[in-house]
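Visitor: I am new here, and I would like to learn how the labels on a model like this are earned. Could you show me around?

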Amino acid sequence: MANSKRKFAITFIAVVLFVLAACLIDNANFRRTPIPSLNSHTFENGLWLRYHWYAGKHVHERDWQAMLQRLRDFKIRYAYFHVLTTRSDGSLKMHKLENALKITSRVHTNCPGTKAIAWVYVAAPPQQDGSDLNNPAIRKTLVDQALWLVNDCGFDGVQWDYEFCTNDNAGLLKLLEETRSAIPKEKMISVDTPMYYPGILWGWSDDYFKKIAAKCDQICVMSYDSYLYSARAYSWLVSEQVKHVSNDVFVSNRNCKIVFGLPTYEDKTLAHNHTIESLNNALRGFANGYENGGAKHSQIEGVALFADYTTDEREWANYSRVLLTAQ
């Protein structure tokens, strides 16, 4: 019996080591695969910007000029400025009217092709300060905050970032519907979403994406935190987003557009291995899905980088080469 257990353990370890070696070799080979260029197409891309702008942490003019120049140089259509988080009752934890007006006025003056969007993080229960979107009073408070952001602060729209939103959450649909009814029609409603996942292992179904698309102007698919450790598998999953979500939106609401969030951050978590979920691997997936995945181009605006403070010059160069060269 002891010999049998020993043989099994040795066999198991050998299989694990073989699989790991195969993954490492495949990841190395996959990283050498050229990224298909999409520079014959015109995209309208986005960028998530840190809360420092809204919180007033950038006090030097050179920082503002560098940020505005970056928006212009890389043709950022949607600048998602983080206005921080909400309390459990739906109210913003921080109201910084003067800083918000500085953001919107300077973007509008210096970057006429860019929309300044208020990116609002709302925690989902059971997290601390989690907001139950099935509660009408909480939704009303959130909508009131959206009205303040677009009417008083001058933002061009709001982006609801409700994390982690489970598949088929009814409260988010109601929040989107009530936000649309309240804020001016020319102001944009954007929503951050998990990925489409086959079998809904970790993410949303095609059916729920269709429901969400019917209620908003823009969907931003956060194409990261996949729990995958194979570059090829991750890139394939990104390509699946492009195909599935664009077809879902095409069926549901052709006025709704999609931006695919791609990672440039290097945090090390169980869900995110930055050597696998790299910008290059994400760009490979986006390009392959766009060109070869049966995607509905009419619904796709482009990509959004997460985030401004983690994107280095090499990543900006790759982004430009794949997406901007011919524009």
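Visitor: What makes β6 and strand β7 (residues 257–263) a pair?

Guide: Welcome! Please keep in mind that this is a predicted model. Two strands pair if at least two bridges are found between them. β6 and β7 are joined by five bridges, in the parallel sense, so they meet that rule. One place to look is Val221, which stands opposite Phe260 in β7.

Visitor: Which sense do strand β5 (residues 188–193) and β6 run in, and how many bridges join them?

Guide: β5 and β6 run parallel, and four bridges join them. With at least two needed, they therefore count as a pair too. Here Val191 stands opposite Ile219 in β6.

Visitor: Why is β6 described as largely enclosed by the rest of the structure?

Guide: Buried means under 20% relative accessible area. Five of the five residues of β6 (residues 218–222) are buried, so the strand is largely enclosed by the rest of the structure. Both of its faces are covered: Gln218, Cys220 and Met222 lie on one side, with Ile219 and Val221 on the other.

Visitor: What do β6, helix α8 (residues 231–252) and β7 make?

Guide: Together they make a right-handed β-α-β unit.

Visitor: Which residues have the most contacts inside the largest nonpolar core?

Guide: They are Leu172, Ile219 and Phe286, in a core of 99 residues. Leaving aside neighbours within four places in sequence, the contacts of Ile219 include Val191, Phe209, Ile212, Val249 and Ile258.

Visitor: Why is Thr179 called buried?

Guide: Thr179 has a relative accessible area of 0%. The cut-off for buried is under 20%, so the label fits. This residue is in helix α6, and beyond residues up to four places away in sequence it touches Val143, Ala146, Val158, Trp160 and Ile189.

Visitor: And what makes Lys187 buried?

Guide: Lys187 has a relative accessible area of 14%. That is under 20%, so Lys187 counts as buried. You will find Lys187 in the loop between α6 (170–182) and β5. Not counting residues up to four places away in sequence, it touches several residues, among them Val150, Phe155, Asp156, Arg180 and Asp217. The C-alpha atoms of Lys187 and Leu147 are separated by 9.9 Å, with their places 40 residues apart along the chain.

Visitor: Why does Pro36 count as partly exposed?

Guide: Pro36 has 27% relative accessibility. Buried would need under 20% and exposed over 50%, so Pro36 falls in between and is partly exposed. Pro36 lies in the loop between α1 (2–31) and β1. Its C-alpha atom is 6.0 Å from that of Ala287, 251 residues apart along the chain. How do you know that Pro36 and Ala287 are in contact, you may ask? Contact means heavy atoms within 4.5 Å, and Ala287 is listed among the contacts of Pro36, along with Asn288 and Val322.

Visitor: What is the volume of the largest pocket?

Guide: About 510 Å³. Of the 25 residues that line the largest pocket, the closest to its centre are Glu163, Met222, Tyr224, Asp225 and Phe306. The elements giving two or more residues to that lining are β1 (45–49), β3 (115–123) and β4 (157–163).

Visitor: How many helices and strands does the protein have?

Guide: It has 10 helices and eight strands. Of its 327 residues, 51% are buried.

How values were computed
Residues numbered from 1 in each chain as written. Predicted model: local features only at pLDDT ≥ 70, side-chain atom pairs only at ≥ 80, totals over all residues. Heavy atoms only, no water. Core = buried A, V, L, I, M, F, W, Y, C linked by side-chain atoms within 4.5 Å. Buried < 20%, exposed > 50% of the residue type's maximum accessible area, 1.4 Å probe, protein only. Right-handed = clockwise from strand over helix to strand, strands pointing away. 1 Å grid on protein atoms, 1.4 Å probe; cavity = no way out; pocket = protein on both sides within 12 Å on 5 of 7 lines; lining within 4 Å. Points joined across faces, edges and corners; volume = space filled by probe spheres on them.
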